[in-house]
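Thank you for making time for this today. I would like to walk through one model with you, beginning with a charged pair and working outwards from there, so please have the chain open as we go.

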Amino acid sequence: MKHTIYIKGLAAVALALALSLSSFTLQAQVLTLDSCLALARKNNADIRTSQLEVLKAQEVKRQAFTKFFPQVSFSANTYYAVDPLIRFGINDIESNDMRELLQVIYEGAESGGADFKSEMTLMKKGSSISGNFVQPIFAGGRIINGNRLASLGVDAANLMAEAKTRDVIENIESSYYLVTGLQQKVATLKAALDLIDSLDRTVQAALANGLVTNADALQVQLKRNEMLANQQQLTSGIRLSKRLLCQQIGIDYSDDIRFEEPAGGTEPPALFVNKTTGDSLRPEMKLLELNVQAEKLKKSMTIGESLPQLAIVGITFYGNILKKEASSNGIALLTLSVPLTAWWETAHKLHQHNIAIEEAQIMQDNLGRMMSLEEEKAYSDMMDAYLLMKSDSSALSVAEENYRLANLNYTAGNTTLSDVLQAHALLLQAQNAITDRKTTYTLARRRLLDLRNEK
């Protein structure tokens, strides 16, 4: 008995666990807009590429920082000559008296059997190891400005990544609302098919009682076939839209995935266009500000090329290049380089940088005005969609009442089936129109908030 109770207990636990896992699996297939955006920030190829660009810019900044430190190099050499590179004998001496004296000494030593050569050879073979040390003391400000420029590069990469992320998010939002809109149309069509089925039962009952003809039943059947064909088109459209959205957020497509329609406020935000501080929140404006700063730094680096350069140079050496035995030595230098004729070329380069700075400032001012107009247009598009949505909502109420009355009149025998089917088609059209209008308004609203960097 206890054994049976134990087995039943295990079965109950297993059943509960299975139901829990089944529920978890079902919930895991439902994606909200926030979860899609979170997946996109993690998996989207464009976002990941822009993040890698930031890492590349950071490495460039680290490279520029190394210019503050000494540059140390090491080299090793070895050689062997077929003939000695240097030969020096008695005949190479320019002084006649000295040459005659050395000739007498050489002949006397040779006649006495001494091992005395008439010439000396150097650099037959040898090897050496050397090291160089260069520490810039003043390079015209190019090292400091180069590091500042590299820091601007990191800031620019971050801003471009921000802009790319925003664009990707906007595309995903468009795809998401396209999918949810199609899902809503499928639900609307299913409800419309239910109405057709109800109407069909009414017609079939009337046909059995001889109150209508087969033509009425055929009209209902044709309407159902038309709606089933539309349902198939919607199903195919949803599948393609889901595949696109799954690709954008970086997950594998599955027919089980369902995208939940988000709930939130639908009232339009107030119009607010700040032409001074508001525009600076946009990454495009910040990028142009960095562009102006970068051109000014490039100008400073060009000036630095024509300024004196001061550095400490150290050289150490160990080897037997000149001597038979190896020896070592070292030397320290303080070098000063003054480019005397560089100002002629530098003057033209400075004019070029001044033009580039002016060009960047013009682009910055122009973009500020364009972004203000862009925000105003986005607000106008949103308000147009909002007003049309309200109008379509009223039209939907009229279509619902028209269908209700047509159905009542048909049941009472005061109208034809064609009138009912026409009212039904207008109702379905109004329902789909309000779905499209809500999608258009939601996208326009989110577009405006994205431009303002608001949630």
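Let me start with D197 and R224, which form a salt bridge whose closest N and O atoms are 3.1 Å apart, where a salt bridge is a side-chain nitrogen of Lys or Arg within 4 Å of a carboxyl oxygen of Asp or Glu. This pair links distant parts of the chain, since D197 sits in helix α5 and R224 in helix α6, 27 residues apart. R224 counts as buried at 14% relative accessibility, whereas D197 is partly exposed, with a relative accessible area of 27%; buried here means under 20% relative accessible area, exposed over 50%, and partly exposed in between, with a 1.4 Å probe and protein chains only.

Before going on, a word on provenance: this is a predicted model, in which local features need pLDDT of at least 70 and side-chain atom pairs count only at pLDDT 80 or more, while totals for chains, interfaces and linings use all residues. Residues are numbered from 1 along each chain as its sequence is written, and side-chain values use heavy atoms, with hydrogens and water left out.

For orientation, the chain contains 9 helices and 8 strands, which are DSSP runs numbered from the N terminus, helices being H or I over at least four residues and strands E over at least two. Of its 455 residues, 31% are buried.

Returning to charge, the count comes to 21 salt bridges. Another one that links distant parts of the chain joins K349 and E305, at 3.4 Å from N to O, with K349 in helix α8 and E305 in helix α7, 44 residues apart. Both partners are partly exposed, K349 at 27% relative accessibility and E305 at 38%. K377 and D381, by contrast, meet at 2.9 Å, N to O, and because they are 4 residues apart in helix α8, about one helical turn separates them. K377 counts as exposed at 52% relative accessibility, and D381 as partly exposed at 35%. Salt bridges that share partners also join R166, D167, E170, R282, E284, E374 and R447 into one network.

Now to the interior: what holds the largest share of the largest nonpolar core? The term stands for a set of buried Ala, Val, Leu, Ile, Met, Phe, Trp, Tyr and Cys residues joined through side-chain atoms within 4.5 Å. This core has 37 residues, of which L199, V203, M227, Y410, L417 and V420 touch the most other members. The elements giving two or more residues to it are α5 (142-208), α6 (214-249), α8 (342-411) and α9 (417-451), and the largest share, 12 residues, comes from α9.

Y410 deserves a closer look. Leaving aside neighbours within four places in sequence, Y410 is in contact, meaning heavy atoms within 4.5 Å, with L199, V203, V212, D216, T415, T416, L417 and V420. A second, separate core of 17 residues includes L33, C36, A40 and F259.

One of the partners of Y410, T415, lies in the loop between α8 and α9 and counts as buried at 19% relative accessibility. The side chain of T415 makes a polar contact with the side chain of D419 at 2.5 Å; such a contact is a pair of N or O atoms within 3.5 Å, where within protein one must be able to donate a hydrogen and the other to accept it, and residues adjacent in sequence count only if both atoms are side-chain atoms.

On the strand side, V313 is in strand β7 (residues 309-319) and is buried, at 15% relative accessibility. Not counting residues up to four places away in sequence, V313 touches F133, V134, I331, A332, L333 and T335, and its C-alpha atom is 5.8 Å from that of A332, 19 residues away along the chain.

I will finish with the aromatic pairs, of which the structure holds 5. The rings of F65 and F69 have centres 5.4 Å apart and planes at 70°, so this pair is edge-to-face; rings of Phe, Tyr and Trp (its six-membered ring) pair if their centres lie within 6.5 Å, and planes under 30 degrees apart count as stacked, over 60 as edge-to-face and the rest as tilted. F65 is partly exposed at 45% relative accessibility, as is F69 at 42%, and ring pairs link F65, F68 and F69 into a cluster.
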